[in-house]
Amino acid sequence: MSAPGSDADVPATPRLWTVAAIGGGMTLVAGLVAGSDRAWAAWLVAGEFVLGLGLGGLFFVSLLYVTGSSWAVAFRRVPEAMAATLPASAIAILALLLFRPSGYPWFHGLAAHEGPLAAFKVAWLSYPFFVARAVAYFVVWIVLASALVRQSRHQDLDGDERHSSRNVALSAGGLVLFAITVSLASFDWIMSLEPNWYSTIFAVYQFAGLFQSALAAMIIAVVWLHRRGPLRDILGEHHLHDLGKLLFAFSSFWMYIWFSQYMLIWYANIPEETTYYVERTQGAWGVLFLLDMLLNWAVPFLVLLRRPPKQRPEILVKVAAVVLIGRWLDLYLMITPVKTGPVPPFGLWEVASIVLVAGASIVLVLRALRRAPIVPLNDPLLAHSLHYHS
Amino acid sequence: MRTLVGVFEREEDILQATDAARRSGLTILDVYTPYAVHGLDRAMALQPSRLPWVCFLLGLFGATAKVWFEYWTTASSWAIDVGGKPWNSLPAFVPVTFEVMVLFAGVSTVIAFFLVAGLRPWRKAVLVHPRVTDDRFVLLLEQTDAAFDVTQVSRLLERHHVVHIEEREMQEVP
């Protein structure tokens, strides 16, 4: 085995992706300045997408520590790098909340609202409280992510096992905070787009989507790092097989939660709840509505059902790419219908959103990967992970 | 059938001995371990299990049968209006269909495994070695013909730290 992990190992980010990130970002900023509703929605979709990768990485790293898992330690630097993108998502989302809060329909008052929760909603969705909460969520996530990553990198230098046990404690408490903050953030930033509508399972649905897409991104990253050299002697078919199993499982989990939300609303058939699905199933939206299930569940489920495809990197990468497209579409379906009419828009703003997502994710994750050795050199579980058998 | 029983003390040894026995073209009747040893299926060159197919097909059957049954009860045989929903309300069928699929797939896989493995309550357990359910690993080889050289095979097993070798006549593989 070659000496793992020197900084030069991770190849430089191709210029194309930097151009994509800047081009997509500038286009959307221009749209926001011009006051375009579609650019607003496209920016939120892109922000939520990249945020999902960061939160998914944070969750995965925490889960490894809490469960004492060794199998993924060999490529833990990938989810760590994903978690290190959280400050960028913070800037993207806070910028929207600070400079264009009027995109939220409740910003100018909740006049039409009534019902038992009206007073609570008015208080909850008061603008200063809304912004303060957003800042608090990001502080929690960024502090957690940077503390975990910092301990892990200190361990590279001194090999002290106490860094691992500190991270276990940090992850255990962090996961509790994670559950609360991610739930509230999904209510605040997405569900409040339709302040009279609510779904109690919405946060779980958000979590399912973000973790599924983070797994897909992780698969693409580790296969790429394997092909390009840094993880060549480190990543084995057993690691891939387990990542494939997780992607399969969380695709099914996403579908399960998606259907739980849909069926309860469909069955109860209460007008203030069904509006959400009426908007999203009419006309051409209905096609995208079905496509969402196809990309996020049917394709990964059918392709990854048997064992061999879960072990073949070229198939896994394609399924992961489908899931990532599905994630963008899922967010698009949550956010865009509120801003537009009966025809799903697809043009400059939406393309810019996709280009920004792809460019920003790649640039940010690779930049974070280059900051540390590609494997946690002195992690006590590393040796076990390198010889992992599923 | 004339067999050669090799007893090992360590997981790594049984893995390597099995691998070596397969490579030298010996007939491996079975390998006995106190717990599931990862990689043993590959060392024995076992074909992938066919149980997943039983699981998949019976699961598919369960789901299909249940959708048909729900359709028949609510829309065809005795149509009932529930809350103004269409009689043939597919989303309402999904949870039960899912459960029945899991039930069929799970139970049928276990039953198929019992049948194939010959596992039944009145079966007399014949252990190839008394400690194989505790801390010993056993490789069972068949002495296929006169070309089977016990000395040579013993030497091969000794390279992998076999602790006990014994020739045994058997009616069937336990």
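This report looks at how chain B meets chain A, and then at some packing and charge pairing inside chain A.

The model is predicted, so local features need pLDDT of at least 70 and side-chain atom pairs count only at pLDDT 80 or more, while totals for chains, interfaces and linings use all residues. Residues are numbered from 1 along each chain as its sequence is written, chains are lettered from A and ligands numbered from 1 in the order written, and side-chain values use heavy atoms, with hydrogens and water left out.

**Where the chains meet**

Chain B and chain A each put 13 residues into the contact (heavy atoms within 4.5 Å). Together they bury about 1100 Å², 69% of it on carbon and sulfur atoms; that is accessible area, taken with a 1.4 Å probe, lost by the two parts on being put together and summed over both. The rule finds three residue pairs in polar contact across this interface, both residues at pLDDT 80 or more. A polar contact is a pair of N or O atoms within 3.5 Å; within protein, one must be able to donate a hydrogen and the other to accept it, and residues adjacent in sequence count only if both atoms are side-chain atoms.

On the chain B side, H3 (51-77) and H4 (90-117) each supply at least two of the touching residues. H4(B) gives the largest share, five residues. By class, that side splits into eight nonpolar, three polar and two charged.

**Salt bridges**

There are 22 salt bridges over all chains (a side-chain nitrogen of Lys or Arg within 4 Å of a carboxyl oxygen of Asp or Glu). One salt bridge crosses the interface of chain B and chain A. Here are two of the pairs:

| Pair | N to O distance |
|---|---|
| B:Arg42 and A:Glu237 | 3.0 Å |
| A:Arg38 and A:Glu350 | 2.7 Å |

The pair within chain A links distant parts of the chain: A:Arg38 sits in H2 (residues 37-67) and A:Glu350 in H14 (residues 348-369), 312 residues apart. Helices here are DSSP runs (H or I, at least four residues), numbered from the N terminus.

**A helix pair in chain A**

H8 (residues 202-228) and H13 (residues 313-339) of chain A pack at about 145°, with axes 9 Å apart.

Technical notes: Nonpolar A, V, L, I, M, F, W, Y, C, P; charged D, E, K, R; others polar. Axes fitted to C-alpha atoms, helices over the stretch in contact; angles between N-to-C directions.
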